[in-house]
Structures are given as C-alpha cells and as structure tokens.
Amino acid sequence: MIDNKNDKFLMSFGQMPIANNFIEKENFDNEFFYEMKVGFNDEYSLFKLLEHPKPEQMFNSKYPFLTSSSKYMVEHFKKFYEFILNNYIENENEKIIEIGCNDGSMLNNFSPKHNCLGFEPSTNIAKIAQDKKLNVIANFFSSNYLEAKSYINNTKIIYAANVICHIPDLNQLINDIDKLLSKKGLFIFEEPYLGSMVSKTSYDQIYDEHVYIFSVSSVKKIFNKFGFELINVMPQTTHGGSMRYIVARKGEYQIEKNVDLNEQIEIDQQIISHEGLLNFKNKCNESKAKIIDLLNGFKKKGKLVSGYAATSKSTTILNFCQIRNDLINCIYDTTPDKIGKFSPGVHIPIIDYKEFQKKYPDVVYLFAWNHKNEIFNKEKKFIENGGEWFSHVEL
Ligand code: TYD
C-alpha cells in the first residue's frame, strides 16, 4: 500500500478549470474551478497534485482528446507496438491489455489474431476504437469485468501511454495489474517525465489529468511495495520528454543498468526531493513573469497575437498567467470538438486551424511546443510571410 502521509506542499498554480473542458458561452457562469496545488512526497519520490477533480469529471462522454490528431504520435505508437511485439510477444495467443486506449491508435496495430483488450473510460472516444472493430471496454481499467475474466493471471503485457499518471488510486491500479499479469507478465508504460519537466520548466505538464509526474526513482519505489521491480527504463521524445518504464514481478527478469544510471541522474539533478524542487517553483514564477511581460510588449507594439493548438497544457499556462483574449485573440486547433468553443477558465475562442492560413497574425504562441516539428512543417508559410512563433519553452 502506498499512502499520502508524507505529501508536502510545494506550490499553488491558483484557481484552475478542468483542462480539457472547452466550454460554450452559455456555460461560462457555472464553470467548475479547483485550486491546483502540487506537492512532493519524499517517501516515494513522487511529484503530485494535492487536489484534483474526480476522474469522472474529466473522462466522460465529452472528452475531446484524440491521439490520432498527431501524425507523429500515431507513428510513435506504431514503433511502441513493434517494440512490444519484437521483444516480448512469443506467440500470437498471449494476452495483451492497453489501459486508456483512446481512439485505438496503438491497439490498431496488433493483428486480429492477437488477444487484445483495451479500456477507455471516455465513451465518445471508446466508440471510435470500437468502430474500428477493436475489443474495447468503454470504462475505467479494472480486472472486475466479465470480459476481463480470461485475462486474470494470464496476461503477458499490460501497456499504457500517457495514462497511468491520470489514475489517482495507484493502489487499486497496481492490485489490478497484479491480478491480471501472468508470472512472466510485464507492465510497460510511458509518461511525461519529471526530469524533462524540470529541465525545461514546462510546468504546463501539470494539470488535473496529470495527478502524478513520474520519475525513475518514484516508479521503482512504488512498484517495489507491491512485489514488482523496475527492470528497464527508456527515455522518449514524446510529450516534450517522457520515460518508458518496464516493470516485472520480482526476480523474473534481469534488471538493466539503465535503471540505476537514470536514478543517479535524478539524484544529481536534485529533482527527487522537496527541497531540490524549490528551484523549480522559482523557475515557474519567473517563467510566468516573463511570458506576461512578453505579451504586454506585443500588445504595446500593436501586434496581433494568436495561440496555436488548444492543448490541455495551455489551460495551465493561460490560467496561471491569467492570459485572456485581450492578449491572445484566439487559438487555432484541429479538434472538431474544441472548435467553436472557448478555452477553459480564460475563455479565448478556439478557431479551426484552416482559418489560420487565411489571415496570419503577427506572432503565435505555440502551445503544442511538443509537436513543434510537425506544426512548423505544416505551417511553413507563416514564417515565410514574416510571422514569428514563441512559447514559454525554448522552440
Ligand atoms: P498535445 O500536446 O497532445 O495536447 P495535450 O496537452 O492535450 O496533451 O496536442 C494535441 C492538441 O494540439 C490537440 O488539441 C490538437 C492540437 N494540434 C493541432 O491543432 N495541430 C497539430 O498539428 C497538432 C499536432 C496538434
């Protein structure tokens, strides 16, 4: 069992709305806010939200995030699939589970011969995966469903990408994983990485859905409590810097050197103690002051500033810095469910990205800085027309 006895307050980002709750005008008055406080637990080396909305408030029939909105992510998931298939699947009958399979962008890669099961609690998104004929339960991950019965003690791989940090109850999650995995079963997951967030001051990784920002040290400590061990880690470039973790039952596999190596890096970087993270707190406040200055400067010069990509991450920036549509006139995005609505909390209009090319603004805040290459490539003409990109992280 892990507990929150030793959680220690680090900082508050102020009142926050639900990061993905792109909202219609008529709902402005009853928008939900909570105080986004973060803390650090030295016992588990765990960076976490101290308060967060219930998962049901975020992952429901209106969840707007589609993995397939990024070609880069779709390609990344193909490679992740190949990594699992080539290294760990010995025969086609072995059972595979994906937690939080979204629109099926990764599950899709497995052939119908494989025994796959996906879980996706956002029912509108689960339907997209089910329409692709994928075997998906439109609900939160659990070993209790009838459809999951044959997977108990019998699953070779449970994998997840950008999902585990969304699950507040780690005890229940790991107990379910324990029930489902076979003796040689592996839990493979990748998540935005604390080390990358701290080194880039990309504090926009912190929002309601990201209850935890994991590190090698935290994953090792947490899983050890449940009879598992971290056998390998692999840094990833996705989401502005992620880490892939491979977890097995104790003693079943050799532990790769990478685990100790990356743990030592975290110790050296002083990112796995409450004290060490006070520096990150200062950097977040400096970043806020800098971005507000920059935007006010653009306004003074009469420049038209827009945003690009209405990411969940942007909700943290916009609300922490209190940036409203006097500073950013609109945000361009590809997601049909966001277009025509307003950004959570600060209510900046979300416009179809196709409109962007029709009348370029002078400067653009790239909120999806993690998709920089894909977006710069798509929007080459903006620069050719004298446009300028910027962000709170280095582009
Ligand atoms: P992502 O960084 O995955 O968002 P989040 O912070 O929510 O994890 O980016 C996805 C969002 O960016 C989504 O709203 C679609 C938008 N987007 C574009 O508008 N154009 C693009 O070319 C890409 C790659 C994303």
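## Two domains

Into which domains is the protein chain divided? The bounds, which come from an automatic or database domain assignment, give domain 1 as 7-277 and domain 2 as 279-390. Taken over C-alpha atoms, their centres sit 27 Å apart.

A quick word on the source: this is a predicted model, where local features need pLDDT of at least 70 and side-chain atom pairs count only at pLDDT 80 or more, while totals for chains, interfaces and linings use all residues. Numbering starts from 1 along each chain as its sequence is written, and side-chain values use heavy atoms, leaving out hydrogens and water.

## Where the domains meet

Domain 1 and domain 2 bury about 3200 Å² between them, with 67% of that on carbon and sulfur atoms (buried area is the accessible area, with a 1.4 Å probe, that two parts lose on being put together, summed over both). Phe22, Tyr203 and Asp204 do a good share of domain 1's part, supplying 24% of the area it buries against domain 2, more than any other three residues.

As for polar links, 15 residue pairs are in polar contact between the domains, both residues at pLDDT 80 or more (N or O atoms within 3.5 Å, one able to donate a hydrogen and the other to accept it; residues adjacent in sequence count only if both atoms are side-chain atoms). Salt bridges across this interface come to zero (the rule wants a side-chain nitrogen of Lys or Arg within 4 Å of a carboxyl oxygen of Asp or Glu).

## One cavity

There's one cavity of 30 Å³ or more (on a 1 Å grid over the protein atoms alone, points where a 1.4 Å probe fits but cannot get out; lining residues have an atom within 4 Å of a point). Its lining includes Pro192, Tyr193, Met197 and His239. By class, that lining has three nonpolar, six polar and no charged residues, with Gly counted as polar.

Note on methods
On a 1 Å grid over the protein atoms alone, a cavity is a set of points where a 1.4 Å probe fits but cannot get out, and a pocket is an open set with protein on both sides within 12 Å along at least five of seven lines; lining residues have an atom within 4 Å of a point. Grid points are joined across faces, edges and corners, and a volume is the space filled by probe spheres set on the points.
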